[in-house]
Amino acid sequence: LEADLIVTATGLDLQVLSDVALTVDGTRVDVAKTVAYKGMMLSGVPNLALSMGYTNASWTLKCDLTCGYVCRLLNYMHKHGYAQCRPRPDATLAQVPMLDFTSGYVQRAIAKFPKQGTKAPWRLYQNYLLDIVALGYGPLKDGVMEFSAPAPAGELQTAD
């Protein structure tokens with residue numbers, strides 16, 4: 001076939017958080033050293049949720065479940081007076097790559113992505129039915145998510 005122009009799209013470079021410099025309490029967070037909680041939050045990072053869809057089904061199915069879970073989480077925090085939630089993994093949690101694709105564009109970027117654990121709630125199952133139950137009806141206080149109500153930034157805490 002004759003063509004006026006051929007574009008080869010072989011240089012796709014995946015980004016995580018658009019390469020935004022993420023900090024917590026003045027310390028830079030290396031996203032690649034975090035573990036994804038329920039496929040949407042990063043270990044040790046408070047009040048941040050990401051919407052990442054399925055790789056084996058419609059992207060929006062998982063995004064919709066994520067948004068529903070975040071709304072449940074925010075309502076729970078409001079009801080109980082919490083200002084922060086932060087997932088914390090057990091130190092013994094085994095970690096594996098977030099994605100198991102062998103495509104070149106994924107393999108070139110996989111080192112930038114958070115890891116996932118080998119068991120729930122750190123495991124990303126890519127299963128809509130499991131996620132409906134876990135995200136829609138599972139407990140918010142699961143022994144992994146920490147809730148707190150820290151003083152606003154700039155306020156000093158004094159000991160009596």
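At what angle do the axes of helix α1 and helix α3 cross, and within what distance do they come? In this predicted model, the axes of α1, residues 59-80, and α3, residues 128-137, come within 8 Å and cross at roughly 15°. Because angles under 35 degrees count as roughly parallel, α1 is roughly parallel to α3. The crossing of these two helices is left-handed. On the side of α1, the contact is formed by Leu61, Lys62, Leu65, Thr66, Tyr69 and Arg72, and on the side of α3 by Tyr128, Asp131, Ile132, Ala134, Leu135, Gly136 and Tyr137. Sorted by character, the residues of this contact comprise 8 nonpolar, 2 polar and 3 charged.

The two helices belong to a protein with 3 helices and 8 strands. Followed along the sequence, these elements take the order β-β-β-β-α-β-β-α-β-α-β. The C-alpha atoms fill a box of roughly 80 × 35 × 30 Å along the principal axes. Of the 160 residues, 34% count as buried. Among contacts with a separation of 6 or more, 66% join residues that are 24 or more positions apart.

The interior may be considered next. In soluble globular proteins, nonpolar side chains tend to be buried together. Here the largest nonpolar core has 18 residues, and those with the most contacts inside it are Tyr37, Met41, Tyr69, Leu73, Cys85, Met145 and Phe147. Helix α1 and strand β8, residues 145-148, each supply at least two residues of this core. The most is given by α1, with 5 residues. Leu73 illustrates how the core is joined: beyond residues up to four places away in sequence, Leu73 touches Met41, Cys85, Leu140, Met145 and Phe147. Another core, of 16 residues, lies apart from the one just described and includes Val31, Leu50, Val106 and Ile110.

Two residues of α1 take part in the contact with α3 and also reach other parts of the chain. Tyr69 is located in helix α1 and has a relative accessible area of 0%, so Tyr69 is buried. Setting aside neighbours within four places in sequence, Tyr69 is in contact with Tyr37, Lys38, Met40, Leu135, Leu140 and Met145. Of these partners, Leu135 is also one of the α3 residues in the helix contact. Tyr69 and Ala49 are 20 residues apart in sequence, and their C-alpha atoms are 9.8 Å apart in space.

Is Lys62, a residue of the same contact, buried or exposed? Lys62 has its place in helix α1, and because its relative accessibility is 2%, Lys62 counts as buried. Not counting residues up to four places away in sequence, Lys62 touches Lys38, Gly39, Met52, Gly53, Tyr54, Leu124, Asp131 and Leu135. Asp131 and Leu135 are among the residues that α3 brings to its contact with α1.

Strand β5 offers a further buried position. Gln84 is found in this strand, which covers residues 84-87. With a relative accessibility of 19%, Gln84 counts as buried, since the cut-off for that class is under 20%. Outside its neighbours within four places in sequence, Gln84 is in contact with Pro46, Asn47, Met77, Glu146, Phe147, Ser148 and Pro150. One of these, Phe147, is also among the residues with the most contacts inside the largest nonpolar core. By contrast with these contacts, the C-alpha atoms of Gln84 and Thr10, 74 residues apart along the chain, are separated by 41 Å.

The backbone also has noteworthy points in its loops. The loop between β7, residues 115-117, and α3 contains Pro121, and the peptide bond from Ala120 to Pro121 is cis, with omega near 5°. Gln126 is found in the loop between β7 and α3 as well. The phi of Gln126 is near 55°, a positive value in a residue other than glycine. Gln126 has a relative accessible area of 18% and is therefore buried.

Asp25 likewise has a phi near 55°, positive in a residue other than glycine. Asp25 lies in the loop between β1, residues 23-24, and β2, residues 27-28. Its relative accessibility is 74%, so Asp25 counts as exposed. Thus, with phi given as near 55° for Asp25 and for Gln126, Asp25 is exposed, whereas Gln126 is buried.

Notes: Residues numbered from 1 in each chain as written. Predicted model: local features only at pLDDT ≥ 70, side-chain atom pairs only at ≥ 80, totals over all residues. Heavy atoms only, no water. Axes fitted to C-alpha atoms, helices over the stretch in contact; angles between N-to-C directions. Helix = DSSP H or I, 4+ residues; strand = E, 2+ residues; numbered from the N terminus. Parallel < 35°, antiparallel > 145°, perpendicular 65-115°, else oblique. Left-handed = near helix turned anticlockwise from the far one by under 90°. Contact = heavy atoms within 4.5 Å. Nonpolar A, V, L, I, M, F, W, Y, C, P; charged D, E, K, R; others polar. Core = buried A, V, L, I, M, F, W, Y, C linked by side-chain atoms within 4.5 Å. Buried < 20%, exposed > 50% of the residue type's maximum accessible area, 1.4 Å probe, protein only.
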